[in-house]
Amino acid sequence: MAARRGADPLGQGRRGAHAQAGSGSGDTPIVVSVVIPAHNEAKVIGRLLDGLLREAVPGEFDVVVVANGCTDGTVAAAQPYDVRVVTTPVPSKREALRLGDEAARGYPRLYVDADIELSTASVRALADVLAAPDGPLAAAPERELALADRPWPIRAYYAIWTRLPHVRAGLFGRGVIAVNDEGNARIRALPPAMADDLAASLAFTPDERVIVAGARAVIQTPRTVADLMRRRVRATTSVSELEQASATAGERTGMRDLLAIVAGDPRLVGAAVVFVMVAVLARRRAARAIRAGDYTTWLRDESSRD
């Protein structure tokens, strides 16, 4: 059972200064801070906190939930847990991350999306890597995509997406980015961007970041093709924003990538066709927002929160 506490009307939670146990394998106790921006996440925040805190000892994790612009029961859903809740009326992930950083007390520090699932063991694995001498500046878990009951076009799309080299190597699209203090300074210096996880991934060279095999984040994929399109239009728009701001948004998917994937597994021909169709439609639908310079409208996938 996850660590819970009595309801606290101020949402302050426990204020232990140091962990009684470290990240799981080191001799020096550390406090791992976890910042969770949450905008109307009442349906899913408990699922995340259940797994994250299930095996944690008191004071091991400093968890800060930042309820930003919420009009639902996100605050009430988070308060029974051993966390601190910060609230702001501004519905902005960027602002939520800033407030969470100000409230957080320790390093390594994890930024975690409220709609994923992450275990205590995965948090410890990420913290261990970042706390090691001469370790990387940033880390992220492996992805575990929830696809079992999704329609075939969605499973087909992700069959290709997860095989793309830059997707396999990047920190983005995992719902978690973990940093040490130097890595934190690097990402805090970034300009605002819709694709905050992609921007954070690009802020580190390949030898400064790592995907930790012992950590795993469960990502809820869209349940409908319409919601998949919302995600992809948002992604296409945000990549355009990064390209305009910095002349790069990392590697683009090309036909060479798709041909290599299909050559490795010819059964994926149909999936590759679906992937291309989704990509083309997403670019067309994103074109209007890009022309207007609209990089603030957030097309949210509600189906993955059911």
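This report walks through the fold, core, salt bridges and a few backbone details of a predicted model.

## Overall picture

Let's start with the whole chain. The protein has 306 residues, and 51% of them count as buried. Its secondary structure comes to 11 helices and 8 strands. The exposed surface is about 14300 Å², with carbon and sulfur atoms supplying 55% of that area.

The chain also makes many links between remote stretches of sequence. Taking contacts between residues at least 6 apart in sequence, 78% join residues at least 24 apart.

## The sheet

The 8 strands form an open sheet, and the pairing is mixed. Reading across the sheet, the order is E3-E2-E1-E4-E7-E6-E8-E5. Strand E3 (84-88) and strand E5 (117-118) stand at the edges; each has a single partner strand, so one side of each is left without a neighbour in the sheet.

Within the sheet, E6 and strand E8 (residues 209-220) run parallel and are joined by 9 bridges. If you would like one pair to find on screen, take Glu142, whose bridge partner in E8 is Arg216.

## Helices against the sheet

Helix H7 (residues 181-188) lies across two strands, E4 (109-112) and E7 (176-179). The angle between H7 and E7 is about 120 degrees.

Helix H5 is another one to look at. Of its 10 residues, 7 are buried, so H5 is largely enclosed by the rest of the structure. The buried residues are Ile154, Ala156, Tyr157, Tyr158, Ala159, Ile160 and Trp161.

## The nonpolar cores

In soluble globular proteins, nonpolar side chains tend to be buried together. In this model, the largest nonpolar core has 64 residues. Ile36, Val63, Leu110, Val112 and Leu118 are the residues with the most contacts inside that core. A second, separate core has 14 residues, including Val35, Leu97, Ile187 and Ala203.

Val112 is a handy residue from which to explore. Setting aside its neighbours within four places in sequence, Val112 is in contact with Val34, Val35, Ile36 and Pro37, as well as Leu48, Leu118, Gly175 and Val176.

## Salt bridges

Side chains of opposite charge can pair when their charged atoms come close. The count here comes to 14 salt bridges. One of them joins Lys93 and Asp113, with the closest N and O atoms 3.1 Å apart. This pair links distant parts of the chain, 20 residues apart: Lys93 sits in helix H3 (residues 93-103), and Asp113 in the loop between E4 and E5. Both ends are partly exposed, with relative accessibility of 28% for Lys93 and 24% for Asp113.

Arg223 and Asp149 form another salt bridge, again with the closest N and O atoms 3.1 Å apart. Arg223 is in the loop between E8 and helix H9 (225-246), while Asp149 is in the loop between E6 and H5, so the pair ties together parts that are 74 residues apart in sequence. Arg223 is partly exposed at 29% relative accessible area, whereas Asp149 is exposed at 53%. In a third example, Glu208 pairs with Arg186, the closest N and O atoms being 3.0 Å apart. Glu208 lies in the loop between helix H8 (196-202) and E8, and Arg186 in helix H7, 22 residues apart. There is also a network of salt bridges that links Asp62, Arg84 and Arg105.

## Loops and backbone details

Several loop residues deserve a visit. Pro151 is in the loop between strand E6 (138-146) and helix H5 (152-161), and is partly exposed, with a relative accessible area of 31%. The C-alpha atoms of Pro151 and Val225 are separated by 7.9 Å, although these residues are 74 apart along the chain. Another proline, Pro108, lies in the loop between H3 and E4. A cis peptide bond joins Tyr107 to Pro108, with omega about 0 degrees.

Two residues other than glycine have a positive phi: Asn40, near 50 degrees, and Asp134, near 60 degrees. Asn40 is found in the loop between strand E1 (32-38) and helix H1 (45-53), and Asp134 in the loop between helix H4 (120-131) and E6. Asn40 is partly exposed, at 22% relative accessible area, while Asp134 is exposed, at 83%.

Technical notes:
Residues are numbered from 1 along each chain as its sequence is written. This is a predicted model: local features need pLDDT of at least 70, side-chain atom pairs count only at pLDDT 80 or more; totals for chains, interfaces and linings use all residues. Side-chain values use heavy atoms; hydrogens and water are left out. A nonpolar core is a set of buried Ala, Val, Leu, Ile, Met, Phe, Trp, Tyr and Cys residues joined through side-chain atoms within 4.5 Å. Buried means under 20% relative accessible area, exposed over 50%, partly exposed in between (1.4 Å probe, protein chains only). Contact means heavy atoms within 4.5 Å. Helices (H or I, at least four residues) and strands (E, at least two) are DSSP runs, numbered from the N terminus. Two strands pair if DSSP finds at least two bridges between them. Axes are lines fitted to C-alpha atoms, for helices over the stretch in contact, and angles run from 0 to 180 degrees between N-to-C directions. Accessible areas come from the Shrake-Rupley method with a 1.4 Å probe; for residues, only the protein chains shown count as cover. A salt bridge is a side-chain nitrogen of Lys or Arg within 4 Å of a carboxyl oxygen of Asp or Glu.
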